[in-house]
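Work through the exercises below with the sequence and the model side by side. Try each task before reading its solution.

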Amino acid sequence: EDWDARFIAQLRKAGMSPFDAHPVDFFFDLPDEAACRDLATVLEPEGYGVDFRAEADTQRYSLHASATLRLIVDEMAARTRRFRELADARGGSYDGWAVSGGPKSSTLRRI
């Protein structure tokens, strides 16, 4: 969860206020469409927008979830832990998060 703290610190240095709500994108790598649909049934009722697509080069699926959130370290670290567990349970991995429209350094992947 150090990644979340470091990333939020970078965003603060770039001038973003973590206490304001920001559009946040979350990325998952999953084995198939069924795993994507299953994860979507968990995330959508919690207010996340979800879309997914097949990755032609790997024959796996990429799931993208989004929400507008405050970037509080403890809350983002808890999401990271939970999203890793959700992905692991479906044979996939959680690839991290990014802030939409943030500074160029605002992408955090493969955590």
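The exercises go from the overall fold to strand pairing, one helix, salt bridges and confidence.

This is a predicted model, in which local features need pLDDT of at least 70 and side-chain atom pairs count only at pLDDT 80 or more, while totals for chains, interfaces and linings use all residues. Residues are numbered from 1 along each chain as its sequence is written, and side-chain values use heavy atoms, with hydrogens and water left out.

**Exercise 1. The fold**

Task: State how many helices and strands the protein chain has, and give their order.

Solution. Step 1: helices (H or I, at least four residues) and strands (E, at least two) are DSSP runs, numbered from the N terminus. Step 2: counting them gives 3 helices and 5 strands. Step 3: along the sequence, the order is α-β-α-β-β-α-β-β.

Task: Find what percentage of the residues is buried.

Solution. Step 1: buried means under 20% relative accessible area, exposed over 50%, and partly exposed in between (1.4 Å probe, protein chains only). Step 2: of the 111 residues in the protein chain, 43% are buried. Step 3: a contact means heavy atoms within 4.5 Å. Among contacts with a separation of 6 or more, 68% come from residues 24 or more positions apart.

**Exercise 2. Strand pairing**

Task: Describe how β3 pairs with β1 and with β2.

Solution. Step 1: two strands pair if DSSP finds at least two bridges between them. Step 2: β1 and β3 are antiparallel and share 10 bridges; in this pairing, Asp25 is opposite Ser66 of β3. Step 3: strand β2 (residues 49-55) is also antiparallel to β3, with 7 bridges. Here Ala54 has Tyr61 as its bridge partner, and Asp51 is opposite His64. Step 4: β2 and β3 make a hairpin with 4 residues between them, and Gln59 in the turn has a positive phi of about 60°.

**Exercise 3. Helix α3**

Task: Check the span of α3 against the expected value, then list its buried residues and what covers them.

Solution. Step 1: the expected span of a helix is 1.5 Å times one less than its number of residues. Step 2: α3 has 17 residues and should therefore span 24 Å; its end C-alpha atoms are 24 Å apart, which agrees. Step 3: the buried residues of α3 are Met76, Ala77, Arg79, Thr80, Phe83, Leu86 and Ala87. Step 4: their cover includes α1 (2-13), β1, α2, β3 and β4. Step 5: Ala89 also lies in α3, but Ala89 counts as exposed because its relative accessibility is 65%. Step 6: just after α3, Gly91 has a positive phi of about 75°.

**Exercise 4. Salt bridges**

Task: Take three salt bridges, Arg60 with Asp29, Arg37 with Glu33, and Asp38 with Arg90, and describe where each one sits.

Solution. Step 1: side chains of opposite charge can pair when their charged atoms come close. A salt bridge is a side-chain nitrogen of Lys or Arg within 4 Å of a carboxyl oxygen of Asp or Glu, and the structure holds 5 of them.

Step 2: in the pair Arg60 and Asp29, the closest N and O atoms are 2.8 Å apart. The pair joins distant parts of the chain, with Arg60 in strand β3 (residues 60-70) and Asp29 in strand β1 (residues 21-30), 31 residues apart. Arg60 is partly exposed at 25% relative accessibility, whereas Asp29 is buried at 17%.

Step 3: Arg37 and Glu33 have their closest N and O atoms 2.5 Å apart. The two are 4 residues apart in helix α2 (residues 33-43), so about one helical turn separates them. Arg37 is partly exposed at 48%, and Glu33 is partly exposed at 31%.

Step 4: Asp38 and Arg90 meet at 2.7 Å, N to O. This pair also links distant parts of the chain: Asp38 is in helix α2 and Arg90 is in the loop between α3 (73-89) and β4 (93-99), 52 residues apart. Asp38 is partly exposed at 36%, and Arg90 is buried at 17%.

**Exercise 5. Confidence**

Task: Decide which element has the lowest mean pLDDT and which the highest.

Solution. Step 1: pLDDT is the predictor's confidence in each residue, from 0 to 100. Step 2: the chain averages 90, and 89% of the residues score at least 70. Step 3: strand β5 (residues 107-109) has the lowest mean, 46, and α2 the highest, 98. Step 4: over residues 104-111 the pLDDT is below 50, and this stretch has 26 contacts in the model beyond near neighbours in sequence.
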